[in-house]
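Thank you all for coming; I would like to take a few minutes to walk through one model, going from its strands to its pocket and then to two individual residues. Please have a look at it first, and then we can go through it together.

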Amino acid sequence: RVARHLFDAKYQAVAPPQDGQDGAYAAKPVPVLAKQINEPFTAARSAGRDVLKGEAGDWLMQYGPGDFGVCGKNRFERVYKRAD
């Protein structure tokens, strides 16, 4: 269960429904910083104090200060697009 204001902030209706009505929804685009790393790597996160591991070609992503993630090369190419 998700509060309406949290849901509305993250998702938008897919036509023909309008926001707030039953139907299909998709995540709103959110900009992130990303860098492709061309060798195996690790990155320490401040949140949770865990260590992320990536393979050569994976992307290191920063969502906010100390908030990092790793995305595999193939998934990154399917999900993300470069902002110009």
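Before the hairpin, one term: two strands are said to pair if DSSP finds at least two bridges between them. What we are looking at is a predicted model, and everything that follows should be heard with that in mind.

With that term in place, strand E6 and strand E7, which covers residues 67-71, pair in the antiparallel sense over 5 bridges, and one of the matched positions is leucine 60, whose bridge partner in E7 is valine 70. The hairpin that E6 and E7 form has 2 residues between the strands, and there glycine 66 takes a positive phi near 75°. E6 also runs antiparallel to E3, to which it is joined by 4 bridges, and in that pairing alanine 34 stands opposite methionine 61 of E6.

Let me turn to the pocket. Which residues lie nearest the centre of the largest pocket? They are Val30, Pro31, Val32, Tyr80 and Lys81, out of a lining of 15 residues, and the space in this pocket comes to about 570 Å³. Two or more lining residues come from each of strand E3 (33-36), strand E6 (59-64) and helix H2 (73-79), so named elements of the hairpin discussion return here by way of E6. By character, the lining divides into 12 nonpolar residues, 3 charged ones and no polar ones.

Now to a residue of E6, tyrosine 63. Is tyrosine 63 exposed, partly exposed or buried? Its relative accessibility is 43%, and because the partly exposed class runs between 20% and 50%, tyrosine 63 counts as partly exposed. Leaving aside residues up to four places away in sequence, tyrosine 63 touches Val32, Phe68, Gly69 and Tyr80. For valine 32, which is 31 residues away along the chain, the C-alpha separation from tyrosine 63 is 5.5 Å.

Glutamine 18, finally, sits in the loop between strand E1 (11-13) and strand E2 (25-27). Its relative accessibility is 54%, and since exposed means over 50%, glutamine 18 counts as exposed. With residues up to four places away in sequence again left out, glutamine 18 touches Ala13 and Tyr25. Glutamate 39 lies 21 residues from glutamine 18 in sequence, and the C-alpha atoms of the two are 45 Å apart in space.

How values were computed. Residues are numbered from 1 along each chain as its sequence is written. This is a predicted model: local features need pLDDT of at least 70, side-chain atom pairs count only at pLDDT 80 or more; totals for chains, interfaces and linings use all residues. Side-chain values use heavy atoms; hydrogens and water are left out. On a 1 Å grid over the protein atoms alone, a cavity is a set of points where a 1.4 Å probe fits but cannot get out, and a pocket is an open set with protein on both sides within 12 Å along at least five of seven lines; lining residues have an atom within 4 Å of a point. Grid points are joined across faces, edges and corners, and a volume is the space filled by probe spheres set on the points. Ala, Val, Leu, Ile, Met, Phe, Trp, Tyr, Cys and Pro count as nonpolar, Asp, Glu, Lys and Arg as charged, and the others, Gly among them, as polar. Buried means under 20% relative accessible area, exposed over 50%, partly exposed in between (1.4 Å probe, protein chains only). Contact means heavy atoms within 4.5 Å.
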